[in-house]
Amino acid sequence: MITDVLTDAADRMDKAVEAAKDDFASVRTGRANPQLFQKVLVDYYGTPTPLAQLASLNVPEARSLIVTPYDKSALRAIEQAIRDVPNLGVNPTNDGNIVRVTMPELTQERRKEYVKLVRAKAEDAKVHVRGIRRKCKDDLAALGSDVGEDELARAEKELDAVTRAHVDAIDEALKRKEAELLEV
């Protein structure tokens, strides 16, 4: 029973760390990155559809991205969806076959704003991990009458170690993203 609770908590914490890394990837750096457009939804025949399902994304140069739609009739909708993405500051161009997106150079001020944004996302992820820990502790406390105090104390120490490892993983991902953002 205790191992089931701990395993479930570890799995949920793993998912929280992965979600944080995905959030970090969606924050723009000086380079073009297809993951920036991972959450872009295109209005395709009245249905919000992820961009990755409508087009291929290629990075021919460090600061440009080429979007090649599978269906040429979706070209204008893709261009508009990319233009509407907040915090990107890009102006895509459409040549009739592809959409070319050139990423503007980031100013030092904008880089600092993005670092603040990434830190806020990291803090949200840590709060989520600690919420999972709290729920798991409550589940362990509910098992209190069925298991011994020693087993419960050992399980709580193990839970704390797992939580610390996941928080450290978020911190490590944050450091990497900050270094990437501040690199000129």
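Helices are DSSP runs of H or I with at least four residues, and they are numbered from the N terminus. The model used in these exercises is predicted.

**Exercise 1. Place the salt bridge of Lys 135 and Asp 139 along helix H4.**

Step 1. Find the contact. The side chains of Lys 135 and Asp 139 meet in a salt bridge, at 3.1 Å from N to O.
Step 2. Apply the cut-off. A salt bridge needs a side-chain nitrogen of Lys or Arg within 4 Å of a carboxyl oxygen of Asp or Glu.
Step 3. Count along the helix. Lys 135 and Asp 139 are four residues apart in helix H4, so about one helical turn separates them.
Step 4. Check the exposure. Lys 135 counts as partly exposed because its relative accessibility is 41%. Asp 139 is also given as partly exposed, at 28%.

**Exercise 2. Repeat the analysis for Glu 113 and Arg 110.**

Step 1. Take the distance. The closest N and O atoms of this salt bridge are 2.8 Å apart.
Step 2. Locate the pair. Helix H4 covers residues 108-142, and within it Glu 113 and Arg 110 lie three residues apart, so they are separated by about one helical turn.
Step 3. Classify both residues. Partly exposed falls between the buried limit, under 20%, and the exposed limit, over 50%. Glu 113 has a relative accessible area of 36%, so it is partly exposed. Arg 110, at 27%, is partly exposed as well.
Step 4. Look across the chain. Arg 110 and Ser 56 are 54 residues apart along the chain, and their C-alpha atoms are separated by 28 Å.

**Exercise 3. Which residues are linked with Glu 105 in a network of salt bridges?**

Step 1. Start from one pair. Glu 105 forms a salt bridge with Arg 111. Their closest N and O atoms are 3.7 Å apart.
Step 2. Extend the pair. Arg 63, Glu 105 and Arg 111 are linked in a network of salt bridges.
Step 3. Compare the settings of the pair. Glu 105 counts as partly exposed because its relative accessibility is 46%. Arg 111 has a relative accessible area of 2%, so it is buried.
Step 4. Set this against the total. A search of the whole structure finds 13 salt bridges.

**Exercise 4. Identify the residues that gather with Asp 11 in a surface patch, and give the sign of its charge.**

Step 1. List the members. Asp 11, Asp 14, Glu 18 and Asp 22 gather on the surface.
Step 2. Assign the sign. The patch carries negative charge.
Step 3. Place Asp 11. This residue is in helix H1, which covers residues 2-25.
Step 4. Test the exposure. A patch residue needs over 30% relative accessible area and no salt bridge. Asp 11 has 39% relative accessibility, so it counts as partly exposed.

**Exercise 5. Is Thr 3 buried or exposed, and how far is it from Ala 155 in space?**

Step 1. Place Thr 3. It lies in helix H1.
Step 2. Classify it. Thr 3 has a relative accessible area of 53%, so it is exposed.
Step 3. Take the separation. Thr 3 and Ala 155 are 152 residues apart in sequence, but 8.2 Å apart from C-alpha to C-alpha.

**Exercise 6. Contrast the settings of Leu 75 and Tyr 45.**

Step 1. Place Leu 75. It belongs to helix H3, residues 75-83.
Step 2. Classify Leu 75. Its relative accessible area is 4%, so Leu 75 is buried.
Step 3. Add a distance. The C-alpha atoms of Leu 75 and Asp 95 are separated by 9.3 Å, with their positions 20 residues apart along the chain.
Step 4. Turn to Tyr 45. It lies in the loop between strand S1 (41-44) and strand S2 (47-50).
Step 5. Classify Tyr 45. With a relative accessible area of 65%, Tyr 45 is exposed.
Step 6. Check the backbone. Tyr 45 is not a glycine, yet it has a positive phi of about 55 degrees.

**Exercise 7. Describe the whole chain: its elements, order and dimensions.**

Step 1. Count the elements. The protein chain has five helices and six strands.
Step 2. Write the order. From the N terminus on, it runs α-β-β-α-β-β-α-β-β-α-α.
Step 3. Take the span. The C-alpha trace extends about 70 × 40 × 20 Å along its principal axes.
Step 4. Compare with a globule. The chain has a radius of gyration of 22 Å, whereas a compact globule of 184 residues would have one near 16 Å.
Step 5. Add the burial. Of the 184 residues, 38% count as buried.

Key: Residues numbered from 1 in each chain as written. Predicted model: local features only at pLDDT ≥ 70, side-chain atom pairs only at ≥ 80, totals over all residues. Heavy atoms only, no water. Patch = residues over 30% accessible without salt bridge, like charges linked within 9 Å, V, L, I, M, F, W, Y side chains within 5 Å. Areas by Shrake-Rupley, 256 points an atom, 1.4 Å probe, with all protein chains shown as cover. Lys, Arg positive; Asp, Glu negative; His and termini not counted. Charge placed at Lys NZ, Arg CZ, Asp CG, Glu CD. Helix = DSSP H or I, 4+ residues; strand = E, 2+ residues; numbered from the N terminus. Buried < 20%, exposed > 50% of the residue type's maximum accessible area, 1.4 Å probe, protein only. Rg over C-alpha atoms; globule rule 2.2 N^0.38 Å.
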